Amino acid sequence: MLELPVISSPETSTPRPRSGARQVYIETYGCQMNLNDSEIVLGILHANGYGVAEHPEEADVILLNTCAVREHAEQRVLERLNHLKFYKRRKPELVIGILGCMAERLRSRLLNRKQLVELVVGPDEYRKLPQLLEQAFAGEQGIAVRLSRVETYDDIEPLRTEGISAWISIMRGCDKFCTFCIVPFTRGRERSRPLNSIVAEVQRLWARGFREVTLLGQNVNSYRDPTTGADFADLLAACAQSAPLMRIRYLTSHPRDMSDKLIDTMAAYPNICKYIHLPVQSGSNRILALMNRGYTVEQYLERIERIRSVMPNCALSTDIIAGFCTETEEDHQATLELLRTVRYDGAYMFKYSPREGTKAWKWGDDVPEEVKLRRLNEIIALQQQISYEINQQREIGQVHEVLVEGPSKRNPEQWQGRTDTNKMVIFPKHPSFGVGSLILVRITAATSATLFGEVVRGIDSPTAAEALPTATEP
Ligand code: 5AD
Ligand code: SF4
């Protein structure tokens, strides 16, 4: 999963709470899965009479939904807890809780931390939150960190941020046990939601005005309908058919399970976005084996070739870890070489962060910090150069279908949206189009991370060539 910046209390699409109802404020750290989990938590609490506070000072409950994948992510939460003291001093009855992967990892070690934390709840125990909060208001500390083999929150309607783009969790947990990764320990075993219920959610979201959904899972390729055994390609096809104008994306894939059937299904439906995030982690076969990734560089490259032979314009991104234990200069050079060979559109690049409880933890952390940092910087510099070259050479002059998201953050006179290949495009505001319109934009300039363009015209379906402009404000 990709790491996101902190997301403050999501705006909700449901009516504001009854006055007098307890108000909850939630902050989300980590990946998209956590973002959707926060919406699930708000869904559960809203159904139990809680309102959603937009600012911590208005809240009766402050929840931090946390990530444990790297030390740095945990450090940020601990620093944030320090700041929350201020609110607790002003309102002593305030309840502060830690949710998510860090709660699962550190458990009771978090309780009463700095006289602040009264609630610790892991990712499979969110149904208990209303009861635990009642107890917390009565002065009792609460902890619930059991992992489940069946919990998927399938029946919970997430309280979503208003907009055009929604996350849908289709499966939870991970059985891959990469040796560096804490996720199988904090999120437990893999389990999937029923296909029919996911498809129904896609249709409901379309009817509500959403125009793009991202199907989420730690490893979506392992999806299996619990009764029919339908696989992820079947699910993608069913979603694409059920809402033919909805853009369908997904995250994250594991290279070992990136099947031909999945690639062919992506190619077959115009509304399945041509973008794949395919984490490789390292370009060295020795390191990949140590990481228990289950593929070699050669096998990985064969998958990339297959994707590109079927979908020549499919964008690709990846995750890279720099400085995994025992990584030599030669291993590092192999990673740089892999980046040059694949030429990804983008990458998420991290320094190795040892996690207690994983297999690699026992092997130590022998690459010195300054070497890790230098290698990471080399990887970032190379990838930025490649992204820049791709955008300059391939994107300028192209006409892309762009889903309009709204005003650009930097300049409200400009608007922003994404291509089907997941690239951000900035273009002048146009009176005929609103948020949720699908338009054609010609690219005129580019940096390594952003495209800039001019509106050509509107379209009313991902494939229509002759359609008239539409302005669909959801
Ligand atoms: N150290 C650094 N990066 C990690 N990731 C997972 N665990 C670690 C770790 N211990 C990275 C991987 C994964 C992404 C979500 O986070 O690249 O794909
Ligand atoms: Fe972690 Fe590997 Fe599972 Fe991804 S596939 S969540 S890196 S164990």
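This is a short dialogue on reading a predicted model, feature by feature.

Me: Where do I start with a sheet? Which order do the strands of the open sheet with strand 8, strand 11 and strand 12 take?

Reply: First, the general idea. Strands of a sheet pair through backbone hydrogen bonds, either parallel or antiparallel. Now the case here. Three strands form an open sheet in the order 8-11-12, and the pairing is parallel. Strand 8 (165-169) and strand 12 (247-251) are the edges, each with a single partner strand, so one side of each has no neighbour in the sheet. From one strand to the next, the twist averages 25°.

Me: How many bridges join strand 11 to strand 12?

Reply: Five bridges join strand 11 (residues 212-216) to strand 12. Take one residue as an example: L215 has Y250 in strand 12 as its bridge partner.

Me: Which helix packs on this sheet?

Reply: Helix 1 (residues 32-47) does, and it touches strand 8, strand 11 and strand 12. The direction of helix 1 makes about 90° with that of strand 8.

Me: Now the sheet with the order 13-14-15. Which strands stand at its edges?

Reply: The sheet is open, has three strands and is paired in parallel. Strand 13 (275-277) and strand 15 (346-351) stand at the edges with a single partner strand each, so one side of each is left without a neighbour in the sheet. Neighbouring strands here are turned by 10° against each other on average, direction ignored. Strand 14 (residues 315-322) pairs with strand 15 over six bridges. Within that pair, I321 stands opposite F350 in strand 15. Helix 12 lies across strand 14 and strand 15, and runs at about 175° to strand 15.

Me: How do I read two helices together? At what angle do the axes of helix 11 and helix 12 cross?

Reply: Look at the axes, then at the contacts. Helix 11 (residues 329-342) and helix 12 (residues 369-395) have axes that come within 10 Å and cross at roughly 10°. Angles under 35 degrees count as roughly parallel, so helix 11 is roughly parallel to helix 12. The crossing of helix 11 past helix 12 is right-handed.

Me: Which residues of helix 11 meet helix 12?

Reply: On helix 11 they are E329, H332, T335, L336, L339 and R340. Their counterparts on helix 12 are R374, R375, E378, I379, L382, Q383 and I386. By class, the contact has five nonpolar, three polar and five charged residues.

Me: What about hairpins? How many residues join strand 16 to strand 17?

Reply: Six residues do, in a hairpin. Strand 16 (residues 399-407) and strand 17 (residues 414-419) pair in the antiparallel sense over five bridges. V402 has T419 in strand 17 as its bridge partner. Strand 17 is also joined to strand 18 (residues 424-428) by five bridges, again antiparallel. There, Q416 is partnered by I426 in strand 18. The hairpin of strand 17 and strand 18 has four residues between the strands, and N422 takes a positive phi near 70°.

Me: Backbone angles next. Which residues does the cis peptide bond join?

Reply: L251 and T252, with omega about -10°. T252 lies in the loop between strand 12 and helix 8 (260-268). Check phi too. Y153 is not a glycine, yet has a positive phi of about 55°. Y153 sits in the loop between strand 7 (142-144) and strand 8.

Me: Last, the ligand. Which classes make up the shell around ligand 2?

Reply: Seven nonpolar, two polar and two charged residues. Among the residues around ligand 2 are C174, C178, C181, H254 and R293.

Definitions and conventions:
Residues are numbered from 1 along each chain as its sequence is written. Chains are lettered from A and ligands numbered from 1 in the order in which they are written. This is a predicted model: local features need pLDDT of at least 70, side-chain atom pairs count only at pLDDT 80 or more; totals for chains, interfaces and linings use all residues. Side-chain values use heavy atoms; hydrogens and water are left out. A residue is near a molecule or strand if one of its heavy atoms lies within 4 Å of it. Ala, Val, Leu, Ile, Met, Phe, Trp, Tyr, Cys and Pro count as nonpolar, Asp, Glu, Lys and Arg as charged, and the others, Gly among them, as polar. Axes are lines fitted to C-alpha atoms, for helices over the stretch in contact, and angles run from 0 to 180 degrees between N-to-C directions. Angles under 35 degrees count as roughly parallel, over 145 as roughly antiparallel, 65 to 115 as roughly perpendicular and the rest as oblique. A crossing is left-handed if the near helix is turned anticlockwise from the far one by less than a right angle, and right-handed if clockwise. Contact means heavy atoms within 4.5 Å. Two strands pair if DSSP finds at least two bridges between them.
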